[in-house]
Amino acid sequence: MDITAKSKTTDIKFDVETIRKDFPILYTQVNGHPLVYFDNAATSQKPLVVINAIEEYYKATNSNVHRGLHYLSNKATNEFEESRKIVAAHLNASHDEIIYTRGTTESINLVAFSFGEAFVKSGDEIIISYMEHHSNIVPWQMLCERKGASLKVIPITEKGELKLDEYKKLLSSKTKLVAVTHVSNTLGTINPVEEIIEAAHAKNIPVLLDGAQAVPHLKIDVKKLDVDFYCFSGHKVFGPTGIGILYGKTKWLNQMPPYQGGGEMIKEVTFEKTTYNDAPLRFEAGTPNIEASIVLAKAINYINGIGLDAIATYEHELLQYGTEKLQQINGVRLIGTAAHKSSVISFVVDGTHPSDIGILLDKQGVAVRTGHHCTQPLVGFYKIPGTVRASFAFYNTFEEIDIFVKALNKAISMLR
Ligand code: PMP
C-alpha cells in the first residue's frame, strides 16, 4: 500500500509542518543529509516554548524554593508548585500525590526503597514482567536482596504480549506489589494495564506502572486506572532532562518512610528526633531541580495544545505505514508485533548486526537506537543480540519514513 505523506496528514488534519517549526533541532544536517530523528523513545526533542522557558527561568525567576520570604523566592515557589498542579491535572491526580524526582528511574527506586521498607519482608514476592526496562528490574532485585524477598516474572508470548493467565496465577498472599511497564520501550507493546490492576486489586495488591513510554503518547488518568504508583520522565515528554514524576496514592505515600533525609522533607529536627513532612515534600529532600520542574509544565501544556488524541491517531498512522514498509524488505524480522502498540518499531535484519545497521543509517542522517535498549532479559528471550529501534513522535513524517526505508535498503545491500 502506498500512502503519501500529504494525503495521510490531510486525512487526520494534523499539521505536522507547522509543528516541526517549533523544534529547531529537527532542521539539523547530519553528514550532509537532513536529520531524521527516530530515537524518540530514548529522549524526545524540545519545542521552543520549553527551550525559551529554561532561559526565562534564569533571567527572571531563579531563586531557591520554599525557604525564602523575598520576591524571587516566592515567584520560584509559586511557579514550582503551579507546575506540580499542571502535572497533577494532566494525570487527573491531586497535587499532593505528585512527587518530583530525577526521572522514571528515581521514581521506581524511591518506591522500591520506601514502600519496600514499610511493606516487604522475608518470603514476600514482587511481580514484574519479562519486558521490563532495567530500571524496573534492578531496584526490585536490590529490594529482594535486602529483605530476603523474591522476584516473580510474568512471561510473554512471541508477539511480545504478556501472558495474563500466567500473571494471574502468580498473584498470591505473598505478593506485595506488581510493577509493570505501561508501554514497552523495546517492543512498543501497550499492556492491558486495566486488567492487570483489576486482578491485583482483587487480592488487595498495589500496582506500580512504569509510564516512561506511555505519557508521551497516551492520555493517562490515574484515578480511572486506580493505579497505586505511576512514574514518568520529563525528557521523554518533550521537557527537560533531570526531572521525573512519581504519582502515588496518598494512602501509600503517608505510610512510607522518606527515601532521603535533608532539608525540605522535615517538620522539625532536634538532635534527639526528627519528624517528617507529609507527602510530597517528605520525598523531596534538598534543593530540587527547580528549573526543570517549572519547565515540565510548559512541555505538558504544549502537548495538550496539540491534543493527545490527535497525537495518538497520527502516530498510529506513522506506525502502520512504517510497519508495512519494513515488512516489504527481505530479511527484516519485526520484534514486537502485539495487537496494541505505540509508535515503536524494533527489528533485526538477517545476516547483519543491529549496530552495523545503526552506523550506516547515521551516515545517511537517520538516528535510530540499536542494542538491548536496557532490556537484556527481553532480547535474551528473542535470542538476538539486540534490535534496531525506530521510534516516532508526532513531529515525524511519512516522508521521513520513506527516507529511513531507502537508507535501510542501502545499508542492507552494503552489508550483504
Ligand atoms: N522505563 C522505560 C520503559 C524506559 O523506556 C526508560 C528510558 N529508556 C526508563 C524506564 C528509564 O527512564 P529514565 O532513564 O528517564 O529514568
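These legends go with close-up views of a predicted model. Residues are numbered from 1 along each chain as its sequence is written, and side-chain values use heavy atoms, with hydrogens and water left out. Because the model is predicted, local features need pLDDT of at least 70 and side-chain atom pairs count only at pLDDT 80 or more, while totals for chains, interfaces and linings use all residues.

**View 1. Who sits around the ligand.** The ligand has 13 residues around it (a residue is near if one of its heavy atoms lies within 4 Å). Among the closest are Thr105, Asp210 and Gln213. Sort that shell and you get one nonpolar, ten polar and two charged residues.

**View 2. Polar contacts with the ligand.** Here we look at pairs of N or O atoms within 3.5 Å. Ser233 puts a side-chain N or O atom 2.7 Å from a ligand oxygen. With Thr104 it's a backbone N or O atom, 3.4 Å from an oxygen of the ligand. Lys236 has a polar side-chain atom 2.8 Å from a ligand nitrogen. On its own the ligand has 400 Å² of accessible area (Shrake-Rupley method, 1.4 Å probe), and the protein covers 84% of that.

**View 3. Cysteines without a partner.** A disulfide is a covalent bond between the sulfur atoms of two cysteines. Searching the whole structure for one (two cysteine sulfurs within 2.5 Å) turns up zero. For Cys144, the nearest cysteine sulfur is that of Cys231, 17 Å away. Cys144 counts as buried (under 20% relative accessible area, 1.4 Å probe, protein chains only), because its relative accessibility is 6%. Cys231 is buried too, at 0%. Its sulfur is 16 Å from the closest cysteine sulfur, in Cys374, so that's too far for a bond.

Terms used:
Buried means under 20% relative accessible area, exposed over 50%, partly exposed in between (1.4 Å probe, protein chains only). A polar contact is a pair of N or O atoms within 3.5 Å; within protein, one must be able to donate a hydrogen and the other to accept it, and residues adjacent in sequence count only if both atoms are side-chain atoms. Ala, Val, Leu, Ile, Met, Phe, Trp, Tyr, Cys and Pro count as nonpolar, Asp, Glu, Lys and Arg as charged, and the others, Gly among them, as polar.
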